[in-house]
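Biologist: I am new to this structure and would like a close look at a single part of it. Could you take me slowly through one residue, and then through what surrounds that residue?

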Amino acid sequence: MRAVVQRVSQASVSVDGRVVGAIEGPGLLVLVGVTHDDGAESARRLASKLWGLRILDGEKSCSDVNAPLLVVSQFTLYGDARKGRRPSWTAAAPGPVAEPLVDAVVRELRELGAKVETGEFGADMKVALVNDGPITLILDV
């Protein structure tokens, strides 16, 4: 699994003009991509990493200050644009494989005690955020 993690002071995701998930910071916006060989263990590792990642003010984690997370599925994280001008999406897992694993990350985070908002899998989403820092990390688990 791959995640782009941004420390935010606020973030939201909308579908068809309606907000489906939003957080007020400090917190994390997490874009999650799934590849073909990911499984339940990858989801557990990513959730644990996100919950304990010390990138909030004062080197605190979401678990330290009960900060919220907004998790949004993002198959394009596995796009490959090394050749030509059109990205290849072959490394991205198909929806029937990816959706349950993104859901598993959310479920694992909630089991750890996190407040988690989400986007809508497979929808044309509009993501708005105020990146705080700015701090942006790429995680591969």
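Modeller: Let us begin with Leu109, which lies in helix 3, and keep in mind throughout that this is a predicted model. Leu109 has a relative accessible area of 0%, and because buried means under 20% relative accessible area, Leu109 counts as buried. Leaving out residues up to four places away in sequence, Leu109 touches Ala47, Leu50, Trp51, Leu69, Val71, Ala114 and Val116. One of these partners, Leu50, is 59 residues away from Leu109 in sequence, yet the two are 8.1 Å apart in space, C-alpha to C-alpha.

What does Leu109 belong to, beyond this list of partners? The largest nonpolar core of the model has 30 residues, and Leu109 is among those with the most contacts inside it, together with Val5, Val30, Leu50 and Leu69. At least two residues of this core come from each of strand 1 (2-15), strand 2 (18-33), helix 1 (40-52), strand 3 (69-73) and helix 3 (95-112). Helix 3, the helix of Leu109, gives the largest share of the core, seven residues. There is also a second, separate core of 12 residues, which includes Val4, Ala11, Ile23 and Leu29.

Leu50 is worth following next, since it is named both as a partner of Leu109 and among the residues with the most contacts inside the largest core. Setting aside neighbours within four places in sequence, Leu50 is in contact with Val5, Leu28, Val30, Cys62, Leu69, Val105, Leu109 and Leu139. Val5, Val30, Leu69 and Leu109 in that list are also named among the residues with the most contacts inside the core.

Leu50 and Leu109 also take part in the packing of two helices. Helix 1 and helix 3 pack with their axes 8 Å apart and at an angle of about 45°, which makes helix 1 oblique to helix 3. The crossing of these two helices is right-handed. On the side of helix 1, the contact is made by Ala40, Ala43, Arg44, Leu46, Ala47, Ser48, Leu50 and Trp51, and on the side of helix 3 by Leu101, Ala104, Val105, Glu108, Leu109 and Leu112. Sorted by character, the residues of this contact are 11 nonpolar, one polar and two charged.

Helix 1 also holds Ser42, a residue that is buried, with a relative accessible area of 8%. Apart from neighbours within four places in sequence, Ser42 is in contact with Met1 and Val141.

Returning to Leu109, another of its partners is Val116, which is found in strand 4 (residues 116-118) and counts as buried at 6% relative accessibility. With neighbours within four places in sequence left aside, Val116 is in contact with Leu69, Val71, Val106, Leu109 and Arg110. Leu69 and Val71 thus appear among the contacts of Val116 and also among those of Leu109. The C-alpha atoms of Val116 and Leu28 are separated by 9.7 Å, while the two residues are 88 residues apart along the chain.

For a further buried position, one can turn to Val13, whose place is in strand 1 and whose relative accessibility is 0%. Val13 and Gly119 lie 106 residues apart in sequence, but their C-alpha atoms are 5.9 Å apart in space. Once neighbours within four places in sequence are excluded, the contacts of Val13 include Arg18, Val19, Val20 and Gly21, as well as Leu70, Val72, Thr118, Gly119 and Met125.

A few details of the backbone complete the tour. Most residues other than glycine have a negative phi, and most peptide bonds are trans. Asp16, in the loop between strand 1 and strand 2, has a positive phi near 55°, and this residue is exposed, with a relative accessible area of 77%. Glu59 also has a positive phi, near 55°; it is found in the loop between helix 1 and helix 2 (62-65) and counts as exposed at 53% relative accessibility. As for the peptide bonds, the one from Gly25 to Pro26 is cis, with omega near 5°, and Pro26 has its place in strand 2. The bond from Gly133 to Pro134 is cis as well, with omega near -5°, and Pro134 is placed in strand 5 (residues 125-140).

How values were computed: Residues numbered from 1 in each chain as written. Predicted model: local features only at pLDDT ≥ 70, side-chain atom pairs only at ≥ 80, totals over all residues. Heavy atoms only, no water. Core = buried A, V, L, I, M, F, W, Y, C linked by side-chain atoms within 4.5 Å. Buried < 20%, exposed > 50% of the residue type's maximum accessible area, 1.4 Å probe, protein only. Helix = DSSP H or I, 4+ residues; strand = E, 2+ residues; numbered from the N terminus. Contact = heavy atoms within 4.5 Å. Axes fitted to C-alpha atoms, helices over the stretch in contact; angles between N-to-C directions. Parallel < 35°, antiparallel > 145°, perpendicular 65-115°, else oblique. Left-handed = near helix turned anticlockwise from the far one by under 90°. Nonpolar A, V, L, I, M, F, W, Y, C, P; charged D, E, K, R; others polar.
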